[in-house]
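Good morning, everyone, and thank you for making room for me on the agenda. I would like to walk slowly through one structure with you, so please have the picture open while I talk.

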Amino acid sequence: MATRRHVLAGLIASAMPRPSWADAGSPAFLSAARLPSGAFALFGLTEAGATVFTIPLPARGHAAAAHPTRAEAVAFARRPGTYALVIACASGTLRARLTPPEGRQFNGHGAYSADGAVLYTSEVVAESSAGIVGLWDTAGWHRLGEFSSGGVGPHELRRLPGSELLVVANGGIRTDPQDRSRLNLGTMRPNLSYLSPDGALLEQAELPEELRQNSIRHLALAGDGTVAFAMQWEGDPAEPVPLLGLHRRGEALRLYPPREEDLFAMRGYAGSIARSGGLIALTSPRGGVVQLFTAEGAPVAGHARPDACGVAPVAGGFVVTDGGGAVTRLTREGFAPLARAAAAWDNHLVRI
């Protein structure tokens with residue numbers, strides 16, 4: 001229970017001015033990476049791919065959440081993980097280390113409330129993979145509570161634009177807490193769950209029965225509330241399935257295959273997703289390709305890029321990172337080099 005001293009300390013801390021993202025060098029993106037030494041770090045990057053800051057991580061990172069106003073990020077361990085580091089990016093110092101409750105694991109993603117006062121974290125009960133959303137106070141960094149994610153194996157969660165509602169990608173996969181082996185491929189039930197800030201399940205959308213082995217993993221949101229989602233196929237690899245879906249509350253899920261000549265290019269694996277203007281980009285490090293679709297799901301192009309992983313929007317297109325350390329610009333026409341770092345980028349490039 002919080003003491004009077006703790007409450008006063010939190011109030012004082014929240015009232016003190018905090019450095020803005022300009023004080024941290026005005027990075028456009030956050031990305032985790034592996035350094036040549038084998039160590040891991042969180043990078044801040046400009047739109048041109050230049051490194052603004054590099055902050056050590058204790059183990060492999062996955063994604064990060066950026067505070068809406070102050071120069072603060074929460075770096076999450078690769079799932080299933082037991083650390084989430086709150087980092088003051090202007091100074092590179094550690095503000096807090098979050099640890100899930102006993103028997104829980106972080107699942108790679110988190111999202112701030114609109115005012116930055118609460119952090120929502122994607123978690124699982126280790127033994128069952130039952131999905132949990134954890135709530136953390138960002139003034140004193142104590143746990144406020146938790147509620148169900150609405151499914152099994154939640155991965156990315158996002159706050160819908162202009163609201164405090166959450167959408168959660170429940171991947172549907174039960175995994176072994178030690179070696180990540182998949183335990184329920186025959187009974188998977190992935191879904192999108194829409195939750196209120198206090199955990200009420202407002203709406204849930206499931207894939208059709210024949211595609212229930214298509215695990216919903218990552219999300220990209222439009223201003224009108226349309227959710228684009230990327231999937232990873234756990235079924236027969238000889239069976240091509242769509243890896244892109246779109247959904248709006250009150251409507252049915254819509255799934256969109258690529259061009260016929262690109263049916264197998266992604267090898268059943270969409271690693272990340274982003275929206276920019278009228279385009280959606282899906283990356284596949286496994287297939288070494290980035291596929292582009294219109295905002296309505298029509299396939300546009302497929303562009304080869306070895307170990308393409310992170311993707312985020314910029315004006316007129318996307319920025320893409322890959323496992324070879326390259327940062328590139330992507331448009332409908334293809335790739336243009338921006339920068340190269342002595343690092344192997346992880347799967348996610350987070351727009352600040």
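Let me begin with a question: in what order do the 4 strands of the open sheet lie, and is their pairing parallel or antiparallel? The order is β8-β9-β10-β11, and the pairing is antiparallel. Please keep in mind throughout that we are looking at a predicted model.

The edges of this sheet are β8, which covers 104–112, and β11, which covers 143–152, and each of these two strands pairs on one side only. If you compare neighbouring strands of the sheet, leaving direction aside, they are turned by 25° against each other on average. To look at one pairing in detail, take strand β10, residues 130–137, which runs antiparallel to β11 and is joined to it over 6 bridges. Within that pairing you can find Leu135, whose bridge partner in β11 is Gly145.

Now I would like to turn to the aromatic side chains. The count comes to 3 aromatic pairs. One of them is formed by Phe76 and Phe106, whose ring centres are 6.2 Å apart and whose planes stand at 75°, in an edge-to-face arrangement. This pair links distant parts of the chain, since Phe76 belongs to strand β5, residues 72–77, while Phe106 belongs to strand β8, and the two are 30 residues apart.

Are these two rings buried or exposed? Phe76 counts as buried, at 1% relative accessibility, and Phe106 is buried as well, with a relative accessible area of 0%. Phe106 also pairs with Trp136: the centres of these rings are again 6.2 Å apart, but their planes are at 50°, so this pair is described as tilted. Here, too, distant parts of the chain are linked, with Phe106 in strand β8 and Trp136 in strand β10, 30 residues apart. Trp136 is buried, with a relative accessible area of 4%. Taken together, Phe76, Phe106 and Trp136 form one aromatic cluster, and it is worth noticing that Phe106 and Trp136 sit in strands β8 and β10, both of which belong to the open sheet I described at the start.

Let us move along the chain to another set of strands. Strand β25, residues 317–322, is joined to β26 by 4 bridges, and the two run antiparallel. In this pairing Val320 has Thr328 of β26 as its bridge partner. The hairpin of β25 and β26 has 3 residues between the strands, and in that hairpin Gly325 takes a positive phi near 95°.

Strand β26, residues 326–331, also pairs with strand β27, residues 334–340, in the antiparallel sense and over 6 bridges. These two form a hairpin with 2 residues between them. Across this pairing, Arg329 stands opposite Ala336 in β27, and Leu330 stands opposite Phe335 in β27. Which charged residue has its end over the ring of Phe335? That residue is Arg305, whose charged end sits 5.6 Å from the centre of the ring.

I mentioned a positive phi at a glycine, but which residues have one although they are not glycines? Among them are Arg267, with a phi of about 55°, and Asp307, also with a phi of about 55°. Arg267 lies in the loop between β19, 254–256, and β20, 272–276, and Asp307 lies in the loop between β23, 299–304, and β24, 308–314. As for their surroundings, Arg267 is exposed, with a relative accessible area of 56%, whereas Asp307 counts as partly exposed, at 36% relative accessibility.

My last stop is a small polar side chain, Ser215, whose place is in strand β16, residues 214–221. At 0% relative accessibility, Ser215 counts as buried, because the cut-off for that word is anything under 20%. What does the side chain of Ser215 reach? It reaches the backbone oxygen of Gly171, at 2.9 Å. If we set aside residues up to four places away in sequence, Ser215 touches Gly171, Ile173, Met188, Pro190, Ala230, Met231 and Gln232.

That brings me to the end, and I would be glad to go back to any of these places with you.

Definitions and conventions
Residues numbered from 1 in each chain as written. Predicted model: local features only at pLDDT ≥ 70, side-chain atom pairs only at ≥ 80, totals over all residues. Heavy atoms only, no water. Pairing = 2+ DSSP bridges. Axes fitted to C-alpha atoms, helices over the stretch in contact; angles between N-to-C directions. Buried < 20%, exposed > 50% of the residue type's maximum accessible area, 1.4 Å probe, protein only. Phe/Tyr/Trp six-rings, centres within 6.5 Å; stacked < 30°, edge-to-face > 60°. Lys NZ or Arg CZ within 6 Å of the ring centre and 35° of its normal. Polar contact = N/O pair within 3.5 Å; in protein donor to acceptor, adjacent residues only side chain to side chain. Contact = heavy atoms within 4.5 Å.
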